[in-house]
Amino acid sequence: MVADNAFDEALHAIVSKYLVSASVGEALDEHRELHAYGLTSLKSIDLLLDLERTFAIAIPDEYLLPTNYRTLSALRSMLLAIIEQGPSRPAP
Amino acid sequence: MSLSDFPPIERFSPYCLLGCIEAVCRFRFGIRSTCDCHYDHSFVYRRDGGCIRRKDGGLFLDLTFSGGGSRREAVLAELRARHGVSVVERRVPTLSEFDAYCEAALRDGKPFVAPFDLFYLAGRREYRNIHQSHYVCVIGRDDRSGDLEVVEQMLGRCRVGRQDFAEMVAGAPDAGYAVLDCARELSNVNFDSLGRLKRDLARFRANLLHPEPAFGLGALSAFRADLVRFVESEGASPHIFYVPGMWSFSHERDNFRRVLATATEVWGGSGASHGVLGDLLATLHERWFELDHRTEAAIRMQRPSLQAAAFASLGEIAKLECRMPDLLGELEARL
């Protein structure tokens, strides 16, 4: 699946909610580690739950590794892969 | 006024004061790392009675770590001896005195360390919730609003509102609020780094191989065996698996890797001298980090299925940890 602008905007808006160090509307560096923007371990789980709700997906267990949400780019790739696979089980 | 090129504080530094001092020393004196001052903080697994207990609806597992050397005086003495850096307290009991100090320091390009109650730091979960002593680096100040720009270990750069800061200063103990300034004199450096490194490598190894089962690798092994036995015998609901403070294990392994790298560089050793051990510690850091995330996700995302992967990870971690004593011994023999 190729991400469209709406997807990217939605992703950016959700991720930004959990980043303390990024100013509102600030362009995030896709390859910078999100913890450098203030994403803590606890908040990263909140972020994943929020993404599941927003995109109506269930993130499979095998994707729940810190490397998959270390950067915005990694997070985006993970979500696109999950969406492309289609629903393997009901969304939460 | 802001020192925009100030470096981040090492994320996994186990001691916030030293993490802040390290960042200031890197910025002001070009010292790559001061984490070797944490050398005495030798990490070893520990169990307190070995129990697995139920509390607050969760299953609390008894595995923690023993470390020493986190005392402020000891760390600051090491900092002076190893790097010639002295840390001096500057008392600024009123807001106007703080403002004057802050303005002068930043104008001179000197960020400084400030004690901070997390109750007043927006973005931290303790904000307006729990009082918790902490340290941050002050790197900027908005001249109009008086807001501060600080660097905090977990949040990175963040802003502290004037009102929050004023309340914190007003609530400082009787002696009044004080910040920490760093100064360096190379004539203060007086340290037998090679002798110390050799002694400490032997001590780290002995700690891991501690004869008492409550300490070292024995504690880790017993912890894993007890956990597996408990889950098998009671059919415990996996989502209640919880080890308080598990995050600290990954932090400690990263810290140990940095300590060894810095200490071996100080006496002139090449990176290769601790390469295999360094790689192992980096892997252990990643594995503990993943396990912590999996456990957290299992609990908060209601995914009991993640626990199977967590058990497998724990087994791999235990095997990797068992390689450590031999690698420490090899490094010691090469010095």
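These questions and answers cover a predicted model with chains A and B.

Q: How many helices and strands does chain B have?
A: Chain B has 335 residues, and 39% of them count as buried. Among its contacts between residues at least 6 apart in sequence, 68% join residues at least 24 apart. Its secondary structure comes to 10 helices and 11 strands.

Q: Which residues touch the most other members of the largest nonpolar core?
A: This core holds 91 residues. It draws at least three residues from each of domain 1 (44-74 + 189-334) and domain 2 (85-184) of chain B. The residues that touch the most other members are C20(B), V24(B), V136(B), C137(B) and V138(B).

Q: Leaving aside neighbours within four places in sequence, which residues is V136(B) in contact with?
A: V136(B) is one of the residues that touch the most other members of the largest nonpolar core. Two residues are in contact if their C-beta atoms lie within 7 Å. With neighbours within four places set aside, the partners of V136(B) are C20(B), A114(B), F116(B), V150(B), V151(B) and E152(B).

Q: What should helix 2 of chain B span at 1.5 Å a residue?
A: Helix 2 covers residues 72-83 of chain B, which is 12 residues. The expected span is 1.5 Å times one less than the number of residues. The end C-alpha atoms are 16 Å apart, in agreement with the expected 16 Å.

Q: Which residues of helix 2 of chain B are exposed on the other side from the buried ones?
A: V75(B), E78(B), L79(B), R82(B) and H83(B) are buried. They cover an arc of only 105° around the axis, so they lie on the same side of helix 2 of chain B. What covers them includes helix 1 (16-29) and strand 5 (85-91) of chain B. On the other side, the exposed residues are E73(B) and A77(B).

Q: Why is L34(A) buried or exposed?
A: L34(A) sits in the loop between helix 1 (5-17) and helix 2 (41-55) of chain A. Its contacts, leaving aside neighbours within four places, are L19(A), L39(A), R70(A), T71(A) and L72(A). A residue is buried if 20 or more other C-beta atoms lie within 10 Å of its own. L34(A) has 24 such atoms, so L34(A) is buried.

Q: How do the residues of the side of chain A that touches chain B divide?
A: The contact takes 16 residues from chain A and 23 residues from chain B. On the chain A side, they divide into 10 nonpolar, five polar and one charged.

Methods:
Residues numbered from 1 in each chain as written. Chains lettered and ligands numbered in written order. Predicted model: local features only at pLDDT ≥ 70, side-chain atom pairs only at ≥ 80, totals over all residues. Helix = DSSP H or I, 4+ residues; strand = E, 2+ residues; numbered from the N terminus. Buried ≥ 20, exposed ≤ 12 C-beta atoms within 10 Å, placed from the backbone. Nonpolar A, V, L, I, M, F, W, Y, C, P; charged D, E, K, R; others polar. Core = buried A, V, L, I, M, F, W, Y, C linked by C-beta atoms within 7 Å. Domains from an automatic or database assignment. Arc of directions from axis to C-beta.
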